[in-house]
Structures are given as C-alpha cells and as structure tokens.
Amino acid sequence: MASHILITGHKGMLGNELFSFAENSGMQVSGMDLPEHDITKRDETSAVIKKAQPDIIIHAAAFTAVDKCESEADTAYRVNANGTQNVCLAAKELSIPIVYFSTDYIFDGEKKEPYDEDDAPNPQSVYGKSKYEGEEFVRELCPKHYIARISWLCGHGGQNFVETILKLAADKDEINVVADQRGSPTFVTDLVPEVYRLIESESYGIYHITNQGYTTWYDFAKKIVELAGLKMRVTPCKTEDFPRPAPRPKNSRLSHRLYDETIGNKMPTWEEGLQRYLKK
Ligand SMILES: NC(=O)c1ccc[n+]([C@@H]2O[C@H](COP(=O)([O-])OP(=O)(O)OC[C@H]3O[C@@H](n4cnc5c(N)ncnc54)[C@H](OP(=O)(O)O)[C@@H]3O)[C@@H](O)[C@H]2O)c1
C-alpha cells in the first residue's frame, strides 16, 4: 500500500471518510481543500502537491451541487474539468497514480440494462459533462489511473438523500418521491475500504462501484422511513411532477461485475448499507 496519500476534497462527504480511514490505518495522509487550497489554481496546486511528495493522489474534490452546476456552468467546468486537469498534471510530473471519482450522470439513462464501463457516455447535465471532461483529463494525462464511477452517494456529515428524508419527516406527514428513476445508493463507509483495496490491487482502469442491488428513489425513501421507524407517508410520483434544473438519468444503474470479478470482494447490499448508516 502507498505510504503517503494526498486526498483532494478531504473535508467533503467522501474525502473526509477516505482521510479518517487512511489515518486510522496508520498511513501518512495529507489533504487539499478550500479555502486553504484551490485546485483551480494550477501553479499553486502543482507546488503544494510537489512539496507533499505523495505516492498517490485520491482526487475527491469537485463542485457537486448538480442543480447549481446548470446556472454556474463556468465554476462547474473550472473545478470538475480544469481543476482535475491541474491535479493530473501534478500527478504526471511526479509519475504517481491517481484515483478519480466519476458519476452515473455521464450516461443519458436511456439504456434498458445496467451500464457497463465501456458503454458510450452521453452526459445531459452540466455536472455530468464537466465530470466526464475530468475523466478525459485523467485518461489522457495519468496512465496509472483508477476511475471509480459511483452513484447516489450517502455519507455522514454530508448532504445526501437519507438526511433529506429524515429532515422532511420532522415536519411533514406525507411526501411525493420519484418512482421512475432507478439506481444504486453508494454508502461511503462501504465504498472507502474498496477504494483502498483497489489501490492495493494495482489493477488500473475504470470501475463502477456501488452497493449491491438496484432501487428507485421512491423505494429508497420508503425503506429509510421504515428502518428509521418514522410515520411519514411516501407517495410515488413521476420525474415530470418534480421538475429540477438539471436532468437526471432515468436509468442510473451501474453494473459492478468488472469490479467484483477483479477485486473479488462484493460490496454489501444497499439495504445493509442503509441499516448501518441509520444505526451510527
Ligand atoms: N454526492 C454524490 O451523490 C456523488 C455521486 C457520484 C459521484 N460523486 C463524486 O464523488 C466525489 C466526492 O463527492 P462528495 O459528495 O463527497 O462531494 P462534497 O461533499 O461536495 O466534497 C467535495 C469537496 O471538494 C471541495 N472543493 C470544491 N471545489 C474545490 C476547489 N476548487 N479546490 C479544492 N477543493 C474544492 C469542497 O469544498 P466546499 O464544500 O467548500 O465547496 C468539498 O469539501 C466527487 O468527485 C463527486 O463528483 C458524488
């Protein structure tokens, strides 16, 4: 395992858990996040990374507010595409590997089956397009790369669907939740050990990594309410009934067969991930 890891976005939902896991496992770990370090500043990013001399970069920094990306497209591209380019250039100078997190939003959601790693991307939102440009910089600049495509990320201390439902239940008796978008939740505490396992394997490439099993936002919401012992009624609705600035893929299902076969370790089901999340 790499002895010194540098994590960008280490204060975020995923980065924070990646950082704690590395620290608790006795690895040397450095972080880069706002406001101290801004990955959109190329020279500064290069200088900070060169000074730290890490053995690997885990790049979790991103502009992740999907709807805001539509109205703040310049920022989305500056952070998710050019910021990633800056981090990759530094990794290239040091000839070290990089881990990049991508998303189900790089697909248009029209496929009838779960998406494989080699399916053609066709992002429909600014967030998806900017993250896909980030992927392209990673592939172009860093031959030793891991691109982990994840979906519906849920971690403590972050803004995520579980927290949204729990908050709504505090003052609502009933909510409508879209039932025609399908995907897989990815629980941060299940994902993080897999990221380090992947690094240890040195099996570079693109992987879809999510919890096992697929669901809809509606069924996910119902399960949260049930497991948390709440009374709120959850009613199914259609995507059209709940318009949002950024289009969402109807099919966000990512097939993780390649990851399971390469690493030989299956992620827990999303229901198990949820149960553990709610207990913490
Ligand atoms: N959340 C999901 O559902 C989801 C799904 C698929 C893929 N992903 C990907 O997974 C990764 C982690 O997501 P997350 O949900 O953990 O994100 P997050 O909680 O928003 O964390 C991202 C971190 O990056 C920081 N950051 C933003 N712009 C920066 C800049 N210019 N320079 C340095 N740091 C900057 C953020 O700081 P501020 O908070 O101050 O802006 C934040 O601390 C991202 O690559 C994301 O695209 C997420």
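Buried here means under 20% relative accessible area, exposed over 50%, and partly exposed in between. The model is predicted.

**View 1. Glu-135 and Arg-149 form a salt bridge between helix α5 and strand β5.** The N to O distance is 2.8 Å. Arg-149 sits in strand β5 (residues 145-150), Glu-135 in helix α5, and the two are 14 residues apart. The pair thus joins distant parts of the chain. Arg-149 has a relative accessible area of 2%, so the residue counts as buried. Glu-135 is at 0% and is therefore buried too.

**View 2. Glu-135 also pairs with Arg-139 within helix α5.** This salt bridge has an N to O distance of 2.8 Å. Helix α5 spans residues 126-141. The partners are 4 residues apart, about one turn of the helix. Glu-135 is buried at 0% relative accessibility. Arg-139 reaches 28%, so this residue is partly exposed.

**View 3. Glu-240 and Lys-250 meet in a salt bridge in the loop between β12 and α9.** The N to O distance is 3.7 Å. Strand β12 covers 233-237, and helix α9 covers 257-263. Both residues lie in the loop between these elements, 10 residues apart. Glu-240 has a relative accessible area of 56%, over the 50% cut-off, so it is exposed. Lys-250, at 39%, is partly exposed.

**View 4. Asp-67, Arg-244 and Arg-248 belong to one network.** Salt bridges with shared partners join these residues. Across the whole structure, the search finds 14 salt bridges.

How values were computed. Residues numbered from 1 in each chain as written. Predicted model: local features only at pLDDT ≥ 70, side-chain atom pairs only at ≥ 80, totals over all residues. Heavy atoms only, no water. Salt bridge = Lys/Arg side-chain N within 4 Å of Asp/Glu carboxyl O. Buried < 20%, exposed > 50% of the residue type's maximum accessible area, 1.4 Å probe, protein only.
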